[in-house]
Every structure is written in C-alpha cells, then in structure tokens.
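Student: Could you take me through this structure, one part at a time?
Tutor: Certainly; please have a look at it here.
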Amino acid sequence: MTTLHTAANRRKMKLSRAEYKEIVRWTEQLRPTRQCMRMLKERFPNHSQSTLLSIFSLEYQKRTKRTISRHHAPDVIESHYQRYLSEAKAHPTAPVLLELANEVDLSPALMARIILDRFLQDLEGGMPSKTVLSSMLKEPSLIPDQILANNIYQCTINDCCYGPLVDCIKHAIGQEHEVLLRDKLKEKNLSFLDENQLRAMGYDKTPDIILEVPVAVEGHIVHWIESKASFGDDHSHRTYLNEQFWSYWNRFGPGLVIYWYGFIGELDCQRDRGILLKDSFPTDIVTLCHASQQDRLPQEPE
C-alpha cells in the first residue's frame, strides 16, 4: 500500500503543460516494468513517484490501445506461443515470457493472458472460459504446467500497468484515498453523505461526497467532492467531465475534484463554471449557511 502524501511524496503534483509533455516524451520508449519506473524517478527527482507512475500508466494504456490488435492476430499469437515453448524448453528457469513481452513491446500481463489462453486451448481442446483464465492469472499455482506458471507469475509481478496485481493495488489505493477524504471532512466537522449512502437513497450516478452544508474553497462554492487517485491529463479529465463531472454539476451544483496525484495546471479552467480542481484536500474551507436538507439535495428518485 502506498503512503499517502508524506512530505517526500508531496514534491511536485500540479504540472504545467510543458512539464507534463517533457515527462510524456521521456516515457515513450519505457516498458511497464519496475526497473523503468526507477529510471523515470531518477530522471525527474523533483516529482512525486506516484505522479510519475500515474502519468506513465495513462500514457502506456494509450500506447497499448493503439497496438494491441496486432498482438491478437491469430498468426501473431501462434508465433508468440511457439517462441515461448521453444525458449522455455531451452531455458526452463529463465523469465522467457517476460523477456518476450519486453522485446515485442507488449505489457507482460497482457502477454501472459495471451499465452495462457493459447495453452488452455490445447489443454481443453477449445476456447477456455474467462472465469478459468482469470482465476489462473490471479493464482498461477492453478496452472498445471509449472514452467508456464512461473512465467505467468513473473509477468504479473513485473507489470506496473496491467494485470490482477495492479487491479488490486489500484482498487486499494482508490479506497484509501476515499477514506482519507472522509477523515479530512470529519476533522473539519463537515456533515456529508458518501457514495454508499447516496446509492441507498436511490441515486445511481453520484460523486464520492455530497456536502450537507456547502462550503467555499478559494472563493468558490462547493456542494460535492470527487476523489481521483490518479493524475489528471487531457484525455482522462475530458472523459471525466463528459461522463461524470458535468452530470454532477447539473444535479448538485458546483463542486471540487481532487486529483491526488496531480493534474495539468491549465485544466483548472472551469472554476467560474463551477468545477474546481485541487491536488490535495483544501486547507482554506469556509462553511456557508444553507437551508434545510430538502433544499440541498434533489428529490429522492421515484
């Protein structure tokens, strides 16, 4: 589990577009391995490691979406599989699948999924179920071939962008920051409803927090808060605006988004329209007087 916002971790979160582009350019040739993440941290020592990892992960996912289709072509899958079998036979203790993934510029975890799927087709005489495939990726000891199991394990633990381990870590970090946000609100004695409470009331699409009494942050009124344990780049922020933030604004009024791992500073341009961006919990909160809860929240859905 990562440490939340220690002094060392708060180095550089909000970036100018020029700073962001410099980091992106440097990540273009990196692979999603922990060794590459150490290289990235050494190159940009003034930036938070969490910020750098989040930026790299977002960029690598874009890169993968552009190239993944060619790795799923049947002839390419067969080529990768036969190459793996040959290398694994010659070097049974070497991480041949991880090396192959890096050589062809494919996420190790995605390569593991492709090769395991192909292995199970031979074993079962047909397409394996997604349930079986997923369970074996999560628990490689279930794979009947010990050499393949070791290779799948190596790919999983050495991939910092994809795979069951990364999914688990991302979920835990997201939960951790939501807990942090609730704790900060309680420290300020601010009354609020969280996402679970709102869903129990019948709301289907809600921010993480609705403030029962609105506050002012840097002179802007805030009715709701959304927690994002990631870096806010152009693509992700635009997607969130269209799919979440403007919907919250239409229903609940102006709000605050916290990108805990930073964001491109120029994206914080919607303040006058009612969406404020921060990279940490605000310190200058002013509680506003308001009417009853009936006036603060929309009517409960029918």
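Tutor: We shall discuss a strand and its partners, then a single residue.

Tutor: This is a predicted model, in which local features need pLDDT of at least 70, side-chain atom pairs count only at pLDDT 80 or more, and totals for chains, interfaces and linings use all residues. Residues are numbered from 1 along each chain as its sequence is written, and side-chain values use heavy atoms, with hydrogens and water left out.

Student: Why is strand β2 described as largely enclosed?
Tutor: Eight of the nine residues of β2 (residues 209-217) are buried, so the rest of the structure largely encloses this strand. Buried means under 20% relative accessible area with a 1.4 Å probe, counting protein chains only. Strands are DSSP runs of E with at least two residues, numbered from the N terminus.

Student: How many bridges join β2 to β3?
Tutor: Five, and the two strands run antiparallel. Two strands pair if DSSP finds at least two bridges between them. β2 and β3 form a hairpin with two residues between them, and V217 stands opposite H220 in β3.

Student: And which residue in β6 is the bridge partner of V215?
Tutor: That partner is T287. β2 and β6 (residues 285-287) pair in the antiparallel sense over three bridges.

Student: New topic: is I23 buried or exposed?
Tutor: I23 is buried, with a relative accessible area of 0%.

Student: What does I23 touch?
Tutor: Leaving aside residues up to four places away in sequence, I23 touches L15, F44, H47, L52 and I55. Contact means heavy atoms within 4.5 Å.

Technical notes:
Buried means under 20% relative accessible area, exposed over 50%, partly exposed in between (1.4 Å probe, protein chains only). Helices (H or I, at least four residues) and strands (E, at least two) are DSSP runs, numbered from the N terminus.
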